[in-house]
Amino acid sequence: MCATCHVYVREEYLNGLPHIGEDEEEMLDCAASPRDESRSRLGCQLKAVDDFAEIEVDLPAEQSWWSSG
């Protein structure tokens, strides 16, 4: 279990995202950078579909608990 693909989804793309699942919620609690309750998602869980053709995200300062900073 990891959260190395933690991203902050830009506001204008939030409504088009699939619902966040329990596993993703749990993994985000282990993210190295602070979680944004409305924008934090795991990039690996965001699957492109017809209604979700593009997305813009911001990357956290740190991606894993083992980062040297």
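**Three loop residues and a small set of strands**

Good morning. I begin with G43, which is found in the loop between β2 and β3. Please keep in mind throughout that this is a predicted model.

How should we class G43, as buried or as exposed? Neither word applies, because G43 has a relative accessibility of 32% and counts as partly exposed. Leaving aside its neighbours within four places in sequence, G43 is in contact with C5 and V7. We may also relate G43 to V9: the two are 34 residues apart along the chain, and their C-alpha atoms are separated by 9.2 Å.

Let us now turn to the strands. In what order do they lie in the sheet? The order is β2-β1-β3, in an open sheet of 3 strands with antiparallel pairing. β2 and β3, the latter covering residues 57–58, are the edge strands, and each of them pairs on one side only. Strand β1 consists of residues 6–9, and 2 bridges join β1 to β3. Within β3, D58 is the bridge partner of Y8.

Y8 leads us to the second loop residue, R39. This residue lies in the loop between α1, residues 22–28, and β2, residues 40–42. Is R39 buried or exposed? The limit for buried is under 20% relative accessible area. R39 has a relative accessibility of 17%, and therefore it counts as buried. A polar atom of the R39 side chain lies 3.4 Å from the backbone oxygen of Y8. If we set aside residues up to four places away in sequence, R39 touches V7, Y8, V9, R10, E11, L14 and D58. Both members of the bridge pair Y8 and D58 are thus among the residues that R39 touches.

The third residue is S33, which also lies in the loop between α1 and β2. S33 has a relative accessible area of 6%, so it is buried. Which backbone oxygen lies 2.9 Å from a polar atom of the S33 side chain? It is the backbone oxygen of E62. Not counting residues up to four places away in sequence, S33 touches H6, Y8, P60, A61 and E62.

To close, I would draw your attention once more to Y8. It is bridged to D58 in β3, it is touched by R39, and it is touched by S33. When you look at the structure, I suggest that you start from Y8 and locate these partners in turn. Thank you.

Conventions: Residues numbered from 1 in each chain as written. Predicted model: local features only at pLDDT ≥ 70, side-chain atom pairs only at ≥ 80, totals over all residues. Heavy atoms only, no water. Helix = DSSP H or I, 4+ residues; strand = E, 2+ residues; numbered from the N terminus. Buried < 20%, exposed > 50% of the residue type's maximum accessible area, 1.4 Å probe, protein only. Polar contact = N/O pair within 3.5 Å; in protein donor to acceptor, adjacent residues only side chain to side chain. Contact = heavy atoms within 4.5 Å. Pairing = 2+ DSSP bridges.
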